[in-house]
Amino acid sequence: MTFKLGLTGSIGMGKTTTARMFAEAGCALWDADKAVHRLYSHGGQAVVPLNAIFPEAIRSGAVSREALKEIIRQNADALSQIEAIVHPLVAKDRSNFLRSSKAKITVFDVPLLFETGGDKSMDAVVCVTAPVEVQKERVLARGTMTEIEFEKILAKQIPDAEKRMRSDYVIETISLDSAKTQVQHVIEDITSRLENA
């Protein structure tokens, strides 16, 4: 039986890097964004059901995220229709991964873990955080979104302070070395909890 560790954090907090550190330390890693990518890619399980309601979102046999964004912008009901198809498929992908995991700790990298209620199915949650100015600097340095788009995304997410408060562990990602040490501490703590259970 594997220990289910939810990994979450707002945009630009260093979650992807931290997830990689857990994987490098021997944890199994399931990534929600990568699961969606698999479902949207050519032959993915979301292609046919999404094609049935939004055929304009399908390009070369795969789901176009850009086209979906445009549909959501123009149609107020589109997001809930898309989520009704995609969320159950993501949940199935996650449970298949969990069943096959042989690792002592399985990390579930889910950006909207609290927002979707996914924290309830975890044994513990770790929140990745960084100071606001560092977060903003990281996101804008990617060059993929404007400051206004960044603020819009933040407005849809549970505030960082609340995520930290609701989590069992908090990892601050100001430096790579410090984050790596904190990851190690989390793994050691969980391992000792498992050994003493």
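Which strands does helix α9 (residues 176–195) lie across? Here are some notes on that and a few other points; please keep in mind that this is a predicted model.

1. To take the opening question straight away: helix α9 lies across β1, β5, β6 and β7. Relative to β7, the helix runs at about 160°.

2. The sheet itself is worth tracing in your viewer. Five strands form an open sheet in the order β2-β5-β1-β6-β7, and their pairing is parallel. At the edges sit β2 (28–31) and β7 (169–172), each of which pairs on one side only. From one strand to the next, the twist averages 25°.

3. Do have a look at the β6 and β7 pair. Strand β6 covers residues 124–129 and runs parallel to β7, with four bridges joining the two. Within this part of the sheet, Val128 stands opposite Ile171 in β7.

4. Another helix to follow is α1 (residues 15–24), which packs on the sheet. Helix α1 touches β1 (3–8), β2, β5 (105–109), β6 and β7. The direction of α1 makes about 155° with that of β1.

5. Finally, a small backbone detail you may like to check: Ser60 has a positive phi of about 50°, although Ser60 is not a glycine. You will find Ser60 in the loop between β3 (58–59) and β4 (62–63). Is the residue buried or exposed? Ser60 counts as exposed because its relative accessibility is 73%, and the cut-off for exposed is over 50%.

Technical notes. Residues are numbered from 1 along each chain as its sequence is written. This is a predicted model: local features need pLDDT of at least 70, side-chain atom pairs count only at pLDDT 80 or more; totals for chains, interfaces and linings use all residues. Side-chain values use heavy atoms; hydrogens and water are left out. Buried means under 20% relative accessible area, exposed over 50%, partly exposed in between (1.4 Å probe, protein chains only). Two strands pair if DSSP finds at least two bridges between them. Axes are lines fitted to C-alpha atoms, for helices over the stretch in contact, and angles run from 0 to 180 degrees between N-to-C directions. Contact means heavy atoms within 4.5 Å.
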